Amino acid sequence: MESFTNDYLELYTYQEAKTGNEQSGDTYYIHNTDDYCLFAIADGLGNGPVARQSSEIILTVLKEHHHESLDELLSRCNEYMVQKRGAAVGIVKIDYKKRTIQYSCIGNIRFYILKDDQKMVYPLPVMGYLSGKPQKMNTQEYAYENGDVFFLHSDGIELRSPKVLLKDSMCTREIYNNAVKAINHNDDATFITGSLLH
């Protein structure tokens, strides 16, 4: 587990490789500034080292260009997937000044937001994966309030009810603990969960 907390945000991350593999094909990235936090999960197609190679390329792009828009970031990531295995990528940006959450995704990286402890927001990803072929990007933006919680995960997490996970957990750490119980150990599994504090 890796945790991150500042005046605006509390985050917890989890990653586990498929049973029998030393290396996960998933990677995740978190970058925080005074104005925003950018975080992402990349799931390389397949598993093991070849999948890891694709997902690590995504991290390199995000580290170098985190200041760009989410559509620009995904477009850059896509360019680097030519002749690679390819990857599903979900990126989230929390803007502390505008009090917004942006999400853009190609593939099966799921994202959920629970607002006011009641309303569930599930922005739909663009289906497919980054492969170097032209892709249509679709960044979605939502206003957030203090206390809103969120959950970003790769397909190694099998949730029966994301709303129950977020609503019935008393705090972010409890969301983390309950999500660990939903892991499919026959796949790489990665998630980032957090709450908005200010």
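Buried residues (under 20% relative accessible area with a 1.4 Å probe, protein chains only) make up 53% of the 198 residues in the chain. This is a predicted model, where local features need pLDDT of at least 70 and side-chain atom pairs count only at pLDDT 80 or more, while totals for chains, interfaces and linings use all residues. Residues are numbered from 1 along each chain as its sequence is written, and side-chain values use heavy atoms, leaving out hydrogens and water.

**Fold and overall shape**
- You're looking at four helices and eleven strands, taken as DSSP runs (H or I of at least four residues; E of at least two) and numbered from the N terminus.
- The C-alpha atoms fit a box of roughly 45 × 35 × 25 Å along the principal axes.
- Of the contacts (heavy atoms within 4.5 Å) between residues at least 6 apart in sequence, 68% link residues at least 24 apart.

**Nonpolar cores**
- A nonpolar core here is a set of buried Ala, Val, Leu, Ile, Met, Phe, Trp, Tyr and Cys residues joined through side-chain atoms within 4.5 Å.
- The largest one has 22 residues, and L9, F39, I94, F150 and L152 touch the most other members.
- Strands β2 (9-16), β4 (36-44), β5 (87-95), β6 (100-106), β7 (110-115), β10 (149-153) and β11 (189-196) each chip in at least two residues of this core.
- There's also a second, separate core of 21 residues, with Y29, C77, V89 and M137 among them.

**Surface**
- About 9200 Å² of the chain is exposed (Shrake-Rupley, 1.4 Å probe), and carbon and sulfur atoms supply 45% of that area.

Technical notes:
Buried means under 20% relative accessible area, exposed over 50%, partly exposed in between (1.4 Å probe, protein chains only).
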